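Thanks for sharing this one. Here are some friendly notes to read alongside the coordinates, set out as numbered points.

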Amino acid sequence: MTEEKNKYNPAVLIPWEKKKKEYNEVKGDEQIVKKWWEEFDKQAALFLWFMVEDM
Amino acid sequence: MAQDKEKLYKERMERFYAANHNEKTDMVPIRPFAAEFAGEYAGYNTQDVTHDVDKGLEAVIKMCKDFDIDAAVANMVYVWTGLTESYGTKYYGVPGVDLDVNESFQYREPRTEEGAWMKADEYDRFIENPNEFILNVWAPRMSKYFVAPGETNTMENNIAWLKAGISKMVYLNKLIAQVGRMKSECGTVSAICGIMKAPFDVLADKFRGFRGISNDIHRQPGKVLKATEAVANYMKWNALQTADPTKMVPIGLWLHRGAIGFFSEEVNKKFFWPTLREITEEIHREGHQIMYYAEGKWERNWKYFLELPEKSIVYHCDKDDIFEAHRVLGKKFAISGGVPNDMLAYGKPEDIKKRVKEVIETVGREGGFILDAEAIMQQDTRVENFRAMVEAGREYGVL
């Protein structure tokens, strides 16, 4: 198999690195801001494959 | 949960788990994949159970309460058209809207290149980022409402995306509640958990269509291969995200285009099998089983399935000879199935009982067999024949 299969993270639609640039500064715990951005990104990605595979 | 149901659930789960893992247990588990039949039994028509998921789920509960079955699917009418209509899906024929109220929903796959959800010259974009392609190209094509980036946005587009997300969460919450009801009210195991498809099937079913992919495997085979490899990681991830966290029940995988009659063995060996094998092995390493629901005839592929680790799959037998399937695959994998759907529709209860006895005495005697119909049971299954199948399963299934 080629490396295509691992090229992208299936759980990511808009990477945290891109989202973070919208903030001047993340005051406080950046990890909890990152956590929930990534969680909802993951849920949205799951929905895309729910449409493709299941519905 | 009442103690009697708790005890019953525990017995059934242990039985089901053991049989799926090719072990001999106290009796053959009965695991009907009842789709529109459950609705028929409950007094609902096909539109009822397909478009109103509450009726569909209630029908399954009634079936589980009224029949002594070990496991069932929480909702085997797997497309809730009330949900797919909320975001304007174009590719379903909907009972009661496009179809008669008693016709099952129909997936209308792309028949021409113009109608394909993914065009022949779009492989590179798909391979580059499948998520991006689904969001920005596939979804706008397959929906009446979704708008592609760069086009004029509409209120319908905004609402459709909102509804799509909400409807999925509503559905998941209902399924979670359903699994709980099956357990607490019926003592019945929810038979499968998790979503997966063979990468080649994803491309053939939902992106290029059968005609499209038939051309592609000859005109641009390298891109088809790369596309299956690109999709494979997403398939594995999605399967593991949605799988049973307790690892007690298998992930459901309906196998399509590798069946005899679609493509040659050479095509299967090159395009269909490699990524499916790799994903199956990786999922097995994570501690999960996959149910290979092999629709149609698959005997030609058995030698490839035998490459898989022992007990990594449960092989569901549709149109193949189940006795031969047991002979070839039975040492490594549990087998499910046994009762032909045409017998359930047109036969008599005594035919059903004779068949169940024959299958159990041959395939099921040493364990590793789960009794079911050959294919999902729809509205043509007769109640008396279903009852005969379950009763015979209990009568002859003590091991």
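**Notes on the chain B sheet and the contact with chain A**

1. A good place to start is a single bridge: B:Ala294 has B:Cys317, in β8(B), as its bridge partner. Please keep in mind throughout that this is a predicted model.

2. That bridge belongs to a longer pairing. Strand β7 of chain B (residues 290-294) runs parallel to β8(B), and five bridges link the two. On to the next neighbour: β8(B) also pairs with strand β9 of chain B (residues 334-339), again in the parallel sense, over four bridges. Here B:Tyr315 sits opposite B:Ile335 of β9(B).

3. How is the connection from β8(B) to β9(B) arranged? Together with helix α13 of chain B (residues 322-329), the two strands make a right-handed β-α-β unit.

4. Is β8(B) buried or exposed? Strand β8 of chain B (residues 313-317) is mostly covered, with five of its five residues buried. The cover is on both faces: B:Ile313, B:Tyr315 and B:Cys317 are buried on one side, and B:Val314 and B:His316 are buried on the other.

5. Moving the other way from β7(B), you will find strand β6 of chain B (residues 251-255), which pairs with β7(B) in the parallel sense over five bridges. One of the matched pairs is B:Ile251 with B:Ile290, the latter in β7(B).

6. Stepping back, the sheet in chain B is open and has six strands, ordered β5-β6-β7-β8-β9-β10, with parallel pairing. Why do β5 and β10 of chain B have one side without a neighbour in the sheet? Both β5 and β10 (369-373) stand at the edges and have a single partner strand each, so one side of each is left free of a sheet neighbour.

7. Now the contact between the chains: 19 residues of chain A are in contact with 27 residues of chain B. On the chain A side, the residues that touch chain B comprise 13 nonpolar, two polar and four charged ones.

8. Helix α2 of chain A (residues 30-54) passes a simple length check. Its 25 residues, at 1.5 Å a residue, should span 36 Å, and the end C-alpha atoms are 35 Å apart, which agrees.

9. Which residues of α2(A) are buried? They are A:Ala45, A:Leu48, A:Trp49, A:Met51, A:Val52 and A:Glu53. Chain B contributes to covering them: the cover includes α7 (130-142), β5 (195-196), α9 (199-219) and α10 (221-242) of that chain. Note that β5 of chain B is also one of the edge strands from point 6.

Terms used
Residues are numbered from 1 along each chain as its sequence is written. Chains are lettered from A and ligands numbered from 1 in the order in which they are written. This is a predicted model: local features need pLDDT of at least 70, side-chain atom pairs count only at pLDDT 80 or more; totals for chains, interfaces and linings use all residues. Two residues are in contact if their C-beta atoms, placed from the backbone, lie within 7 Å. Ala, Val, Leu, Ile, Met, Phe, Trp, Tyr, Cys and Pro count as nonpolar, Asp, Glu, Lys and Arg as charged, and the others, Gly among them, as polar. The expected span of a helix is 1.5 Å times one less than its number of residues. A residue is buried if 20 or more other C-beta atoms lie within 10 Å of its own, exposed if 12 or fewer, and partly exposed in between; C-beta atoms are placed from the backbone. Two strands pair if DSSP finds at least two bridges between them. A crossover is right-handed if, with the strands pointing away from the viewer, the path from the first strand over the helix to the second runs clockwise.
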